[in-house]
Each structure stands twice: as C-alpha cells, then as structure tokens.
Amino acid sequence: MKLDVLVFAAHPDDAELNLGGTICELVNQHKKVGVIDLTKGEMGTRGTPETRQQEVDLATEVMGIHYRENLDLGDSLLLNTRENQLKIIAEVRKTKPTVCITGAPHDRHPDHGKSTQLVLDALFYSGLRRIEIDGTEPWRPKHILHYMQDRPFEPDFVFDISKT
C-alpha cells in the first residue's frame, strides 16, 4: 500500500488529539493517510487498553484513515533500540509514504520526545539498503514534519483546517 501521509503517535489518541483536523482534511482531499501508534497506552490512568482500542477503531473509521497499526513497543518503555527501529522501518517500507508526521522533539510527556527521536532515526535508516528486512526495498519519505503537542513552537507553516 502506498500512502501519501504516515503519522506516528506515541499513544493511541495522540494522532487524533494533536492532528485530528489535519488528518480529516487530508482524507477529504483524497490523500491516503495512515497512523502508526507506537504503544497501546496501557500506562494511562484513564481508561483501559481495551477501551483505547475501541476508541482507535471508531476514530479510524470516522476519520477515514486508510491504514492503522499498533507496534506495541511498551508505554513508558519506549527505547531507541535497533529492534524498535526495525519495526518502524518495516512499516515505512511497506507503506512508502511521501510525507511522515511525528510528534514534537520536546514535550512534557517523556514518551512523546522519546518516540519522536526513535521515529526520526528509523526514518533515516529506512533508506539504507544494507538494512535488510524480508525483501523490502529501502524507502525514505520526501518530507518529515512535526506536530505540536504540549509545548508550543514556531511553526514553519500552518495547514488550514477551518473547513474541516
């Protein structure tokens, strides 16, 4: 499957809370959009992993997301290891996104900053031909963008979602 945009989120609901309007507008513009949740959010104090999965399923359907996976890398345990990088690399090579969007480099929640660095490293390594994963071809997105989370930052551009 070839995606136009692949969004990475540390936890289920991060993509919706921080980028929901953008995802919906991209889908409205007939872009193929996917979301990769890195954890199941199992350490969250509100809800359960089962409730979060039900919410993910509903949000995916309502928003028209074309592809969604959860890599289950461990909530509060996100480590930038080769093993975790390879799981992300496999998804990038499978979906061949033109654009990847990941969280802000710095955030109040430790998982957010850790997941962003993990994703950035994996996106670079996904283009290396000597990293072999089940016959996949190297792939790097043309653009990597960040979405705002807890800490505001000066954006390079603003994507208008007013109509959405």
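Buried means under 20% relative accessible area. That cut-off applies throughout these views of a predicted model.

**View 1. Strand β2 is enclosed.** Five of the five residues of β2 are buried, so the strand is largely enclosed by the rest of the structure. β2 covers residues 33-37. Which residues of β2 lie on one side, and which on the other? V33, V35 and D37 take one side. G34 and I36 take the other. Both faces are covered. In a regular strand the side chains alternate between the two faces of the sheet.

**View 2. β1 and β2 pair in parallel.** Five bridges join β1 to β2. The two strands run parallel. V7 has V35 of β2 as its bridge partner. Between the strands, the chain passes through α1. This β-α-β crossover is right-handed. β1 spans residues 5-9, and α1 spans 14-28.

**View 3. β2 also pairs with β3.** The pairing is again in the parallel sense, over four bridges. D37 is matched by its bridge partner N70 in β3. Helix α2, residues 49-63, joins β2 and β3 in a β-α-β unit. That unit is right-handed.

**View 4. The largest nonpolar core has 20 residues.** Which members touch the most others? They are L6, F8, I36, L38 and I88. β1, α3 and α4 are the elements that give two or more residues to this core. α4 gives the most, with four residues. Apart from this core lies another, of 16 residues. Among its members are V5, V33, I65 and Y147. In soluble globular proteins, nonpolar side chains tend to be buried together.

**View 5. F8 and its contacts.** Leaving out residues up to four places away in sequence, F8 touches I36, L38, I88, V92, C100, I101, T102, G103, V119, L123 and Y147. I36 belongs to β2 and is buried. I88 and V92 are buried residues of α3. V119 and L123 are buried residues of α4. C100 counts as buried at 1% relative accessibility.

**View 6. Helix α3 and its packing.** α3 has 14 residues. From first C-alpha to last, α3 reaches 20 Å, close to the 20 Å expected at 1.5 Å a residue. Its buried residues are N84, Q85, I88, I89, E91, V92, R93 and T95. These pack against β1, β2, β3 and α4. Just after the helix, K96 takes a positive phi of about 45°.

**View 7. Helix α4 and its cover.** What span should the 16 residues of α4 have? At 1.5 Å a residue, the expected value is 22 Å. The end C-alpha atoms are 23 Å apart, which agrees. Buried in α4 are D111, H112, G113, S115, T116, L118, V119, A122 and L123. Their cover includes β1, α1, α3, β4 and β5. β4 comprises residues 99-102, and β5 comprises 143-146.

**View 8. Two cysteines without a disulfide.** A search of the whole structure finds zero disulfides. C24 is in no disulfide. Its nearest cysteine sulfur, that of C100, is 19 Å away. C100 is likewise in no disulfide. A disulfide needs a pair of cysteine sulfur atoms within 2.5 Å.

Notes. Residues numbered from 1 in each chain as written. Predicted model: local features only at pLDDT ≥ 70, side-chain atom pairs only at ≥ 80, totals over all residues. Heavy atoms only, no water. Buried < 20%, exposed > 50% of the residue type's maximum accessible area, 1.4 Å probe, protein only. Core = buried A, V, L, I, M, F, W, Y, C linked by side-chain atoms within 4.5 Å. Contact = heavy atoms within 4.5 Å. Expected span 1.5 Å × (residues − 1). Pairing = 2+ DSSP bridges. Right-handed = clockwise from strand over helix to strand, strands pointing away.
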